[in-house]
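Subject: Two-chain model, handover

Hello,

The structure we discussed is below. My notes on the strands, helices and contacts follow it.

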Amino acid sequence: MRRIISVLLENEPGALSRVVGLFSQRNYNIETLTVAPTEDETLSRLTVTTTGSDKVIEQITKQLNKLIEVVKLVDLTEGSHIERELMLVKLKTTGSQRAEIKRTVDIFRGQIVDVTSSVYTVQLAGDSEKLDGFIQAVGTSGVLEVVRTGVSGIARGEKVLSL
Amino acid sequence: MELLSGADMLIRSLQDEGIEYIYGYPGGAALHIYDALFRQDKVKHILVRHEQAAVHMADGYARATGKPGTVLVTSGPGATNTITGIATAFMDSIPMVVLCGQVASTLIGEDAFQETDMIGVSRPVVKHNLSVRHPEEIPEVIRKAYYIASTGRPGPVVVDIPKDMTTPNERFEYVFPKKIKLRSYNPAIRGHAGQIKKAVDMLMAAKRPIIYAGGGVVLGKASDQLTELVRMLGYPITNTLMGIGCYPASDKQHLGWLGMHGTYESNMAMHHSDLILCVGARFDDRVTNATEKFCPGARIVHIDIDPASISKTIDADVPIVGPVDAVLKEMITLVKESKDKPDADAIASWWKQIDEWRAFHGMRYENSGDTIKPQEVIETLCRLTNGEAYVTSDVGQHQMFAAQYYKFDKPNRWINSGGLGTMGFGLPAAMGVKLTHPDDEVLCITGEGSIQMNIQELSTCKQYNLPVKIINLNNQALGMVKQWQDMNYESRHSQSYMESLPDFIKLAEAYGHVGVRIDRKEDLEAKLKEVLAMKDELVFVDIYVDRFEHVYPMQVARGSMKDMWLSKTERV
């Protein structure tokens with residue numbers, strides 16, 4: 001099952017490599033990984049999506065917790081949560097296609113953030129399935145380049161991951 | 001305000017940390033540190049002949065004393081040579097701090113002479129590693145390193161020290177922190193009361209209980225509590241290879257150790273139990289055999305300081321995260337207060353069953369014929385040293401024979417590389433023990449394969465006068481490899497035979513020690529007595545043992561715990 005694990009990590013050199021190293025060392029999967037400092041500059045927040053049986057996920061969270069630089073973590077998929085991923089897509093657009101693409105972008109609530117005579121660059125945010133859906137809708141033939149940030153997530157309601 | 005250079009701060013911090021010995025080897029990036037070491041005499045440095053040995057020596061010291069060991073090496077090859085030793089300590093959770101020189105911070109990343117990314121290289125085999133980024137940080141980094149290494153589940157910590165952090169003429173204020181607090185590291189200090197209560201209730205209700213104790217009891221200094229609880233309950237106890245000595249082997253409730261080469265009765269009792277109380281062990285593959293066939297009727301209570309050890313391979317019914325001594329103490333109190341008592345009839349018939357298993361086989365070996373049996377050597381040594389010696393071992397058949405036939409009644413006396421299985425561990429580990437236990441008998445049980453992996457340390461033994469006794473069970477082959485080839489590869493002895501062995505007697509003499517050869521069965525006891533009488537000499541005892549002996553019992557691969565070979569012909 002797919003899980004989203006969100007980690008508060010000491011913002012120190014080498015901390016990220018320990019997390020990534022742990023996954024390869026113990027044969028766990030990383031599907032996406034995002035990391036950036038938080039409002040508290042001593043902390044980074046890292047979100048990793050992974051798959052595995054409940055037993056494997058339990059080990060992943062325990063092993064992550066064992067890393068000295070991991071301050072706190074939560075498996076967001078255990079409760080209701082919001083997940084978002086940002087995608088930038090460069091699409092080849094000429095002639096009558098341009099209007100069609102524009103409509104599709106609107107339907108997906110994306111934005112065209114850069115335009116040339118033959119290319120639209122589209123920005124789209126949402127959960128991973130929505131981003132996949134957009135690529136499907138425009139068709140892969142017109143796609144010149146895709147860049148995705150990987151998943152970020154946060155729990156719904158009052159629950160917070162903080163010190 | 002006291003101003004010190006980074007190098008002086010480092011040594012001063014070690015003094016303030018109470019460090020007695022450093023094991024190490026100098027080199028370019030560590031020279032400022034070595035100079036600071038020279039200008040004081042509180043911390044003593046032991047110069048080894050290879051950095052791997054320095055780590056094993058620190059490891060042996062840590063296992064025998066319970067205090068963290070300390071290693072000092074230079075960058076590059078000095079640092080990479082420590083990796084096998086660090087991995088050995090990591091697998092067995094041994095507290096240790098490894099101080100590594102590094103090229104100057106201005107050169108890092110430029111492929112400078114003797115530069116290695118030691119933080120990166122060591123990462124998978126350390127509990128943690130730290131880099132010094134400013135000389136002023138040194139006291140705090142050192143304090144932190146020892147704190148992390150020796151608390152919670154212990155383990156090795158590497159500290160990487162770029163050369164420019166130790167420059168002699170740059171001085172900074174020295175402040176040794178009294179306390180270290182890390183917001184992201186808070187090892188458990190006691191177990192969950194509700195879980196402990198539940199565990200005690202289950203213990204009282206059990207019909208076929210067994211206690212399965214591991215290295216965590218030795219590391220957690222909880223032998224007394226364990227012994228008290230087990231005696232109070234009157235239940236059988238087995239322990240892992242790493243747990244040897246955590247409960248007296250000579251006690252009637254002790255079934256010997258369990259697992260791949262464990263006793264018949266302990267493996268049988270585990271398999272047929274209805275409750276396993278696991279104390280500081282981790283259900284590793286050398287214990288469980290095939291996990292899907294593991295102890296089908298048993299419920300499991302698992303006490304461990306490391307939550308990640310619980311339900312990793314075998315699911316626990318009642319997990320208890322906490323230091324074993326504190327948890328056991330609470331259990332003792334609850335057992336004393338409990339209105340329930342163990343089911344005397346059920347426990348009596350359980351013991352009857354266990355005694356039948358004991359009578360069925362027990363630890364025995366065929367000892368007719370003229371050749372010296374390796375088991376016989378160990379039994380003789382055990383008798384001659386009253387089971388009181390510190391015994392280190394290397395890895396292979398001799399290790400198993402030593403663990404099976406030397407009876408340890410006390411913890412910290414059996415010292416071996418259980419998790420990583422590192423050949424070459426035994427001699428340097430014995431040296432680390434002897435250094436701090438000069439009046440105790442220290443035996444290194446080894447084989448002609450393993451001993452050659454760190455034999456250069458005979459020179460260190462001479463320099464520091466470390467009269468350990470090296471017992472070389474010489475079967476002229478890599479015995480355990482050969483045994484597997486006999487059992488699984490139709491005796492095709494691929495690369496397991498050692499031609500052109502050195503003359504170990506001359507070799508020992510060349511290093512300034514005494515060498516003794518024993519090749520006749522009738523000489524064994526008398527010669528061993530002579531060897532043990534040479535208190536002030538390192539004696540290399542080269543004993544020609546039966547070349548065809550196998551280690552038994554041996555679990556059948558992919559079977560359950562009860563599936564074993566008891567000898568070359570008996571399989572149960």
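A term first: a crossover counts as right-handed if, with the strands pointing away from the viewer, the path from the first strand over the helix to the second runs clockwise. By that rule, β2(B), helix α2 (residues 31–38) of chain B and β3(B) form a right-handed β-α-β unit.

Please keep in mind that this is a predicted model. Its scores are ipTM 0.93 and pTM 0.96. For chain B the average pLDDT is 97, and 100% of the residues score at least 70.

Chain B

The β-α-β unit belongs to an open sheet of six strands, ordered β3-β2-β4-β5-β7-β6 (chain B), with parallel pairing. At its edges are β3 (44–47) and β6 (128–131) of chain B, each of which pairs on one side only. From one strand to the next, the twist averages 25 degrees.

Strand β2 (residues 21–24) of chain B has β3(B) on one side and β4(B) on the other in the strand order. Four bridges connect β2(B) to β3(B), and the two run parallel. Within this pair, I22(B) is opposite H45(B), and G24(B) has L47(B) as its bridge partner. Towards strand β4 (residues 69–73) of chain B, β2(B) again pairs in the parallel sense, here over two bridges. In β4(B), the residue opposite G24(B) is L72(B). G24(B) therefore has a partner in each neighbouring strand, given that two strands pair if DSSP finds at least two bridges between them.

Further along the sheet order, helix α7 (residues 138–150) of chain B lies across β5 (96–102), β6 and β7 (156–162) of chain B. Helix α7(B) runs at about 165 degrees to β7(B).

Chain A

Chain A is divided into domain 1 (2–79) and domain 2 (82–152). Taken over C-alpha atoms, the centres of domain 1 and domain 2 of chain A are 29 Å apart. Six residues from domain 1 of chain A and five residues from domain 2 of chain A make up the contact between them. On the domain 1 side, β2 (32–37) and β3 (43–51) of chain A each supply at least two residues. The largest share of that side, three residues, comes from β2(A). By class, the domain 1 side has two nonpolar, four polar and no charged residues.

These two strands also sit in a sheet. It is open, has four strands in the order β2-β3-β1-β4 (chain A), and its pairing is antiparallel. β2 and β4 (70–75) of chain A are the edge strands, each with a single partner strand, so one side of each is left without a neighbour in the sheet. The twist in this sheet averages 15 degrees from one strand to the next. β2(A) and β3(A) pair in the antiparallel sense over six bridges, and P37(A) stands opposite S44(A) in β3(A). Helix α2 (residues 54–66) of chain A packs on this sheet and touches β1 (2–10), β3 and β4 of chain A. The direction of α2(A) makes about 160 degrees with that of β4(A).

Between the chains

How many residues does each chain bring to the contact? Chain B brings 13 residues and chain A brings 15 residues. On the chain B side, the classes are seven nonpolar, three polar and three charged residues.

Regards

How values were computed. Residues numbered from 1 in each chain as written. Chains lettered and ligands numbered in written order. Predicted model: local features only at pLDDT ≥ 70, side-chain atom pairs only at ≥ 80, totals over all residues. Axes fitted to C-alpha atoms, helices over the stretch in contact; angles between N-to-C directions. Contact = placed C-beta atoms within 7 Å. Nonpolar A, V, L, I, M, F, W, Y, C, P; charged D, E, K, R; others polar. Domains from an automatic or database assignment. pLDDT = per-residue confidence, 0-100.
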